[in-house]
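Grab a pencil and work through a few exercises on charged pairs and one helix. Try each task before you read its solution.

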Amino acid sequence: MSLTELIASLRLNRDFMSNVVAWERLPARPSATQPVDLPPQIRQALQQRGIEQLFTHQAAAVTAVSQHQNVVIATTTASGKSMCYTVPVFQRLLERPKARALYIFPTKALAQDQLAETQTLIGAGNLPFEVYSYDGDTPRSQRPQVRRSDGILITNPDMLHSGILPYHTGWRNLLANLEFVVLDEIHAYRGIFGSHVANVLRRLQRLCHFYGSDPQFICCSATIANPQEHAERLVERPFTLIDETQNGAPSGEKQFILYNPPLIDETLGLRGSSVLAARDAASTFLAADIQTIVFARARQTVELLLAYLRDDVVYQGGEALSVTGYRGGYLPLERRQIEHGLRTGQIRGVVATNALELGIDIGQLDAAVITGYPGSIASIWQQAGRAGRRNEQSVAVMVANNSPLDQYICTHPRYIFGRSPEHALTNPDNLRIMVRHLLCAAFELPFKQGEDFGGFGDVTPLLEALRDEGDLHETRHQFHYVGEGSPATAVSLRTSGDDTVVIQAHDEDGVHVIGEVDMDTSPVMVYEGSIYMHQARTYLVESFDWNGRIAHVRPIEVDYYTRASIGSSIRELSPVETAEEFLTQRRKDFEEAKEKSAKSADLLRAWGDVTVVTKATGYRKIKRYTHETLGFGEIDLPEMVLETSGYWLIFSDALTERLYDAGILLRPNNYGPNWQQQRKIVLARDSYRCRNCGAAGRDLTGSSPESSASEAGLEEPVRSKSTTTLHVHHIRPFRDFNYIPGQNDHYKQANQPENLITLCPSCHKQAEAGQQARSALGGLAYVLRNLAPLYLMCDPGDIEVVAESRSPLTQAPTIVIYESVAAGVGFSQRLFEQHHDLLPAALELVSDCRCRDGCPACVGPPGEIGPDTKQVTRQLLQMLT
C-alpha cells in the first residue's frame with residue numbers, strides 16, 4: 001500500500017479519526033534553482049552526486065560568500081544547507097591551494113557524518129585537497145599528520161577549546177592560512193554551552209589575528225526565531241541572513257496529524273498510553289513498508305517502543321532487525337551502521353531520541369511519529385522534517401501524552417501551528433564564564449594592557465583582578481598566565497559532565513562493552529536489579545561499581561521492565577553575605593520596597609550557595625503492554641549532590657498571613673483530631689513503602705509535626721533508615737471534604753484508610769500535580785521560569801525553579817531559582833540584582849496574556865494548575881510590586 005493510499009484509509013477510519021484533534025496539510029513546494037558559475041571539477045563532483053543546479057538559497061549563499069560576507073543559512077531540515085558552505089570552501093581551496101578551512105560541529109557523530117560526505121565529494125571531483133577530522137577518537141599516531149596537512153579540518157567545540165587552541169604553535173599552518181570557519185547546527189549553541197562556545201570563538205579569532213589570518217564565517221541553523229542575531233552574538237561579526245523565504249529546495253506535501261489517545265477513565269480524565277498509541281501508528285506504517293522514524297524523549301521509552309515494534313514486525317512476517325533503535329549510549333560503530341542502514345533503506349524503521357534531530361544524514365524517510373511534545377516548537381518541526389522525500393508525500397503524527405502541556409496543545413492546536421519557533425539565547429559576556437576563557441586565552445598568548453577580548457572590549461580591569469588573585473603575572477605591560485598546564489582542561493563547555501558509566505555484558509561471547517550512560521542518569525538506568533535494554537534485548541544489572549563506573553549486566557528473558565523513582569530536595573541555602581551584611585541588605589530592600597509600596601516590604605530576597613540532593617529510592621517492575629505493576633525493589637546508591645548557586649524569595653510571616661486572609665495562598669490543612677492515628681494505620685498497612693514505586697521507609701520518630709510542604713497538603717513526613725521521607729496522601733483532596741473545625745466532622749470521611757495512600761516525595765509531587773495543586777506560589781514560580789531565561793540570555797534547561805508553601809529550611813513560603821550547573825555561572829546574582837525589574841515584568845506577562853485560566857506562556861497549562869491560578873497569581877504579583 002502506498003503512503004497516499006494509507007493516508008486516505010486513515011481518513012476513513014472512524015476509530016482513528018475520533019481521536020485526531022488536528023490534521024494540517026502542508027502544501028508541496030517546487031524546486032527553484034539558479035545558475036552559478038563553478039569550476040569544472042566542482043561541477044563534476046556535484047553531478048556525480050546527482051546535483052545539476054544549485055537551489056536558490058544555495059546560490060545566494062555562494063554569491064554572498066564570494067562577496068566576502070559572513071553568511072548564516074536558516075532553512076528547513078533536508079534543504080541542502082551543507083552545500084552552502086561546501087561549494088564556496090571548495091572554490092577557495094582550488095584558487096588558493098594553501099588555504100585552510102575549519103568545520104565545527106556540536107557532536108562527534110555529526111563531524112564524522114560530514115567527514116564521510118566531504119570525502120565522497122572530493123573523490124567524485126578528483127579534487128586536489130583532503131579533509132581530516134580531529135577529535136578525541138583520532139589516534140595519537142595520526143595527529144601529527146593532521147596538524148601538518150592542508151585542506152579542511154573537521155572538529156567539535158570541545159576539541160577546539162582544549163586540544164587545538166592551547167597548543168596553537170603546532171597548528172600554525174591552520175591558523176595562519178585559515179580562510180573559512182564553518183559553524184553547523186548553531187541552534188545547538190545556546191545557554192551556558194553557547195556562551196562558552198562564543199568565548200572559544202573569541203580565542204580562535206584572537207589567535208587568527210596573531211598569525212595574520214581573518215577568516216570568513218559560514219553558519220547553518222535549524223529554524224529558530226533569531227538566526228541572524230544568534231550568529232552575530234556567537235561570532236561578533238555582521239552576518240547576511242539566508243532564510244526560508246529564499247529556500248529553493250523542493251518539498252513534497254506533508255500531512256501533520258495531532259493525535260490524542262482515547263479516554264480510558266472519563267472521571268479522572270486519563271487517556272490511553274502514548275507509547276502504545278505511537279507503537280500502533282508506527283506499526284501501521286511499517287506494515288505498509290513505509291520507512292518510518294519514531295521519536296521518544298527518554299532512552300527507556302526508545303527501547304520499550306523498539307521491543308514492541310519488533311514484536312509486531314515479526315508477527316507480520318518481517319525481520320526483527322529491520323527496525324532498530326538510535327540513542328545516546330550506543331557505541332559509535334553501532335550508530336554508524338544504523339545510519340548506513342537507514343540511508344540504503346535496509347533498515348525500515350528506527351526509534352530514536354532527539355539524537356537524530358541534528359543533521360546526521362539518514363536519508364529521507366516517509367513517516368515520522370513523535371511520542372509526546374518534545375519540549376519546543378523548533379524540535380517538533382525538526383523531528384517532523386525527518387520525514388519527506390523531495391517531491392513526494394510524507395506524514396508526521398504527534399501522539400499526545402497525559403501531561404497537562406500535551407493536553408493543552410490538543411485543545412489549542414494553534415499553539416504549534418501558529419506559533420513561531422523559540423529564540424536561541426546566549427551571553428558571551430557572562431563574567432564567570434568569560435573569566436575562565438580569559439585565563440585560557442592568557443595561556444595561549446599574553447594579554448597586552450588595553451587589549452580587547454571580542455565584543456566585550458578592554459579587559460584590563462579583569463586582568464588586573466586576576467593578577468591580584470595570583471592567576472596572572474604582569475610584566476612590561478603584559479599579563480602572563482602563571483599556572484601549571486593548560487587551564488582549558490579544567491573548563492567544561494557543557495553543563496553535563498563527561499563522567500560516564502560503562503555497560504559491560506557477560507554473555508556467551510565473553511565479557512564486552514555494549515554501551516554507556518551518563519553518570520547523572522546512572523542511578524535510574526543501571527541500579528542493581530534493574531532491567532537495562534539495548535536494541536530491545538534485555539539485560540539484568542547484577543552489580544554497579546559506583547566508584548569504578550562500571551555496570552555489570554547479563555542477558556535475561558523477561559516480560560517486564562523497571563522504572564526508578566528519583567527525588568530532589570534542597571538541603572541548604574547559604575547567602576553569600578555575612579549575617580550582618582545579609583540583614584543590612586534586607587533593611588535596604590525594605591526601605592526600597594516601602595518607597596514603592598508598603599505591601600511588598602515583607603518579601604525577603606537573597607542569593608548564594610544552594611545544595612541540591614538527588615537520590616533514587618526504589619523501583620517498580622512493570623509488565624510490558626499492560627503496564628501493570630508486578631513488584632517493587634529498593635535502590636541502594638549514594639546521593640547525587642549538586643553544589644550550585646541560587647536566588648530565592650522568602651515570604652515573611654506577616655506577608656503570609658495577609659496572603660492567607662486574602663485567599664491568595666491556602667492555609668495548611670488541619671487534618672482533624674484522628675489524623676495521627678489514621679496516618680500510622682496507613683503506613684503500617686502499606687508496610688512503610690511507597691505504593692507507587694516501592695521506596696521503603698521506617699517510622700523512627702513516632703509522631704512528628706505536621707508538614708505543609710504543598711498547598712494541597714503534603715502530610716506528615718516519616719523518616720526511614722535510608723533518609724527517604726514517606727508521606728501519607730489523600731487520594732481525593734482533603735479540601736474537597738470542606739472540613740471546618742468545631743462545625744462538622746467531615747475529617748472522618750476524608751481520613752478513611754481507603755482514601756489514603758503512602759507515597760515517597762517524588763511520587764507525591766506527581767500526585768499533587770495531578771490534583772491541580774498549584775496555585776499562586778506555583779504560578780509565580782512558573783512565570784519566573786519563563787522570564788528568567790530572557791533576562792539571563794540562557795537556555796531554560798540552565799535553571800531549575802522550586803516553590804514550597806512551607807520550606808523546611810526557611811519555615812515559610814519560598815521560591816528558589818537555582819542553576820543546573822555545578823558552582824553556577826552567575827545567573828543567581830544577576831537575578832538578585834534585577835529583582836525589582838523581574839517582578840513587574842512578571843505581572844505584565846500575566847496581565848497581558850490573552851488566555852483565560854492559564855497557559856504554557858504564563859502561569860502554566862490548565863490541568864496542571866487550579867482553575868483560579870492565573871487570577872491569584874496576578875493578585876500576588878500586584879501585592880509584591
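## Exercise 1: a pair between two helices

The side chains of R279 and D312 come together in a salt bridge, 2.9 Å from N to O. Find out where the two partners sit and whether they are buried or exposed.

Before we start: this is a predicted model, where local features need pLDDT of at least 70 and side-chain atom pairs count only at pLDDT 80 or more, while totals for chains, interfaces and linings use all residues. Residues are numbered from 1 along each chain as its sequence is written, and side-chain values use heavy atoms, with hydrogens and water left out.

Step 1. Check the rule: a salt bridge is a side-chain nitrogen of Lys or Arg within 4 Å of a carboxyl oxygen of Asp or Glu. R279 and D312 fit, at 2.9 Å.

Step 2. Locate them: R279 is in helix α12 (residues 274-287) and D312 in helix α13 (residues 299-315), so the pair links parts of the chain 33 residues apart. Helices (H or I, at least four residues) and strands (E, at least two) are DSSP runs, numbered from the N terminus.

Step 3. Look at accessibility: buried means under 20% relative accessible area, exposed over 50%, and partly exposed in between (1.4 Å probe, protein chains only). R279 has 19% and is buried; D312, at 12%, is buried too.

## Exercise 2: a pair with a strand

Work out which parts of the chain E179 and R92 tie together.

Step 1. E179 and R92 form a salt bridge, with their closest N and O atoms 2.8 Å apart.

Step 2. E179 lies in strand β8 (residues 178-183) and R92 in helix α5 (residues 82-95), so the pair joins parts 87 residues apart in sequence.

Step 3. Both E179 and R92 are buried.

Step 4. Now widen the view: R92, R96 and E179 are linked in a network of salt bridges. By the rule above, the count comes to 38 salt bridges.

## Exercise 3: a helix and its neighbours

Check the span of helix α29 (residues 869-880), then list what its buried residues pack against.

Step 1. The expected span is 1.5 Å times one less than the number of residues. For the 12 residues of α29 that gives 16 Å, and the end C-alpha atoms are 16 Å apart, which agrees.

Step 2. The buried residues of α29 include T869, V872, L876 and L880.

Step 3. Using contact (heavy atoms within 4.5 Å), the buried residues of α29 pack against β28, β30 (640-651), α22 (653-661), α26 (776-792) and α28 (835-848).
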